[in-house]
Amino acid sequence: MSTGFPRIACALLSVAPMALSAQALPGVGSAKASASKVAGGTGARTSEIWRDTTRTAADRADALVAAMTQAEKLSYVHGIFPPMAKPMTSDMIPSAGYVPGVPRLGIPTLRESDASLGVANQVEQRKGDVATALPASLATAASFDPAIAYAGSAMIGSEARAKTFNVLLAGGVNLTRDAWNGRNFEYLGEDPLLTGVMGAASIRGVQSNHIVSTIKHFVLNSQETGRAVLDARIDPTALRESDLLAFEIAIADGKPGSVMCAYNRIDGDYACENKFLLTDVLRGDWRYPGFVMSDWGAVHSTEKAANAGLDQESGQELDAKVYFGTPLANAVAVGRVSTARLDDMVRHILTGVIASGLYDNPTPTSAQPIDYAANAEIAQRTAEAGIVLLRNENDLLPIAKTVRSIVVIGGHADVGVLSGGGSSQVRSVGGVPIEIPLKSGAAASFARVTYHSSSPLRAIKALAPNAQVTFVDGTDPVAAAKAAHAADLAIVFATHWQTEAQDAPSLSLPDNQDAVIDAVAAANRRTIVVLETGGPVLMPWATRVPAIVEAWYPGQRGGEAIARVLFGEVDASGRLPISFPRNIEQLPRPRPITSPTGATSNAASANAGAGDASLLPAYPVTYQEGANVGYRWYASRKDTPLFPFGFGLSYASTRISNPRFSGGTNARVTFTVTNQTARTGTAVPQLYATLPNGGAPRLVGWSRQTLAAGETRNVTITADPRALARWEGAGWRLKGGAYALKLATDAQTMISEGTVGLTDRRLASGRAAFDTP
């Protein structure tokens, strides 16, 4: 989601914040007790079957819809953006969204917060309100561990609930098609299976707290430049086997209460009024029963959007007008939107509310205590699991505790670690030591260059108490080189900031950092580079630096996590969820796509809250790579990236032996993995398959294994049939024939290979129905 904020920053900052700890929030906790037994305002009596927890969510939602008045239904299909509400009601929290409930029926007021990486509070709408900040979602994806994804999102959901929020605008699963997409750090990488599985785990984690999680941004929101103007073009089959597959897996396995449609057009129609996506795919093929909410500022019509499948207009003040307010009421009155369709819209919202557990477990009416210390440990474990060791020449890492002098250079490592910008920005526990407002650009009114207060310098000093540890700010290559020459070890922290609403202008490190790294590496052969980035960056110095660590945006305990990995307190166990190119010419689109008319994300109407984007001409962005996203693009071109998808080094030496491939109804490989070293280590073996008709290999399974010193374990990886299948116009088919399997350490490094035969079968789409009561 984007709360947008163009031209309204002053309005945000002038909102009188509410005291969360004291303010009661009517319409949530008390709604259940005050519900009437009178249906629909007609006087007819009915049993309150919507309270019968033995019934399915859909049956209970049907009963509630029958009990609601027309006015109550119309009220529940559009939501308010609190910073622009006139006036704010007493129960409204300054945040992303608010939809008043129906207390007499126990229908909860929806209080919505951005929450990709923690409960967001971008420009401190709520003075003094802090939350635990997870690392970037790419770091979570780099763990290749659904349990890590679940734990982090369960933590976020618990904090949101304690703050009285009950709908989280989380669940970002857009595939990385362009390396400079400003929101890549919020997503889970380039592979649909990894993204779908990790996204599902995150959604389940949020909803374990009996609140609603969204999944977003449906679909092809692959760049921020002109995001509300561009028209995404792609072959329909390729779309099914890439971006839609990621959503299909995450929705089927995670069962989010809501799907958020995107800003952009797809093949001519806006995502939020695209009947093919919202009705044919979501409702028809996938049998999705929850609700579709719009992104903030993404609605451009009433009848077309409603009839296409949009159920709820979000942040209505950011649209050109309130399309689902009076215009919808009028459209229903004259039959341009049927009464049955309005009932469906409300039924879908209530199904998501009930299935998530929110209806039966209302959020508290005032803020609850939060164990921030325990939650910080979750953030740190996530960061540690996702840090990727890219290079380690002559085993420079882990750093020996006997080192005598260390110079830490650059990246503001003396005070904190970098955070990505935009609607996901968390004001973290511990404070914000650096917060730099933007002077221009589409993100200027709601994004800040922000650092979390977790100093790598301080953490390094704690783990090397006998060493002399100094800091140089890294602004001068000559000074940095001089300091490095005098030290036993040099650690350069390099940063590359990215934000929602703007794409990165370049994949090169800004502010002369490449020159600093070159100078330091020339002065000291024992140089380590730690990258804090929102995705891939160019590394012209890579072969001249013996050790490179990708730390992503590591969250509020990032400094401690980085230091523990550098000193080997924990293994380097992350693996790349995204390929790193050698140069930009290797990419499908070597430069950000801008409009032929000059419209970018900074143009009027090209961003949420700046007017009606439909008044600007659309421009096409063609994804000629189709389903060959990321590592499959490189494979299709027989090209080699700098660091491939799935790559990552470990401090332990693990041996994989005796692989046995088998087929039949499904493909699998069984093998033995042994930790040959005297320390705990992690291996992430991956299974790739090439289909009978050829094409680029696909990731079809993996297994993260952490083994004690000397431990041996038998492991089986079973291929996910959804990753093996092809879309054949009306459904998925796992075609019978010979499949080439590769057991590998990454997309380009094979351990063993074999060919197995699979039987022909059809796969059911979706499986997203909330069937259990």
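**Nonpolar cores and an open mixed sheet**

Leaving aside residues up to four places away in sequence, F218 contacts (heavy atoms within 4.5 Å) L244, F247, V259, M260, C261, A262, A271, L277, L278, L282 and W286. The model is predicted, with local features requiring pLDDT of at least 70 and side-chain atom pairs counted only at pLDDT 80 or more, while totals for chains, interfaces and linings use all residues. Residues are numbered from 1 along each chain as its sequence is written, and side-chain values use heavy atoms, without hydrogens and water.

F218 and L328 touch the most other members of the largest nonpolar core, which has 127 residues. Such a core joins buried Ala, Val, Leu, Ile, Met, Phe, Trp, Tyr and Cys residues through side-chain atoms within 4.5 Å, buried being under 20% relative accessible area (1.4 Å probe, protein chains only). Helix α12 (residues 339-355) supplies the largest share of this core, 7 residues; helices (H or I, at least four residues) and strands (E, at least two) are DSSP runs, numbered from the N terminus. A second, separate core of 35 residues has L397, A459, L489 and A551 among its members.

An open sheet of 6 strands follows the order β12-β20-β19-β18-β13-β17, with mixed pairing; pairing requires at least two DSSP bridges between two strands. β12 (388-392) and β17 (468-472) are the edge strands, each pairing on one side only. From one strand to the next, the twist averages 15°. Strand β13 (residues 405-409) pairs with β17 in the parallel sense over 5 bridges, and I409 stands opposite V472 in β17. Helix α14 (residues 456-463) packs on the sheet, where it touches β13, β17 and β18 (489-496). The direction of α14 makes about 170° with that of β17; axes are lines fitted to C-alpha atoms, for helices over the stretch in contact, and angles run from 0 to 180 degrees between N-to-C directions. Helix α17 (residues 558-566) lies across β18, β19 (527-533) and β20 (547-550), at about 145° to β19.

Note on methods
Buried means under 20% relative accessible area, exposed over 50%, partly exposed in between (1.4 Å probe, protein chains only).
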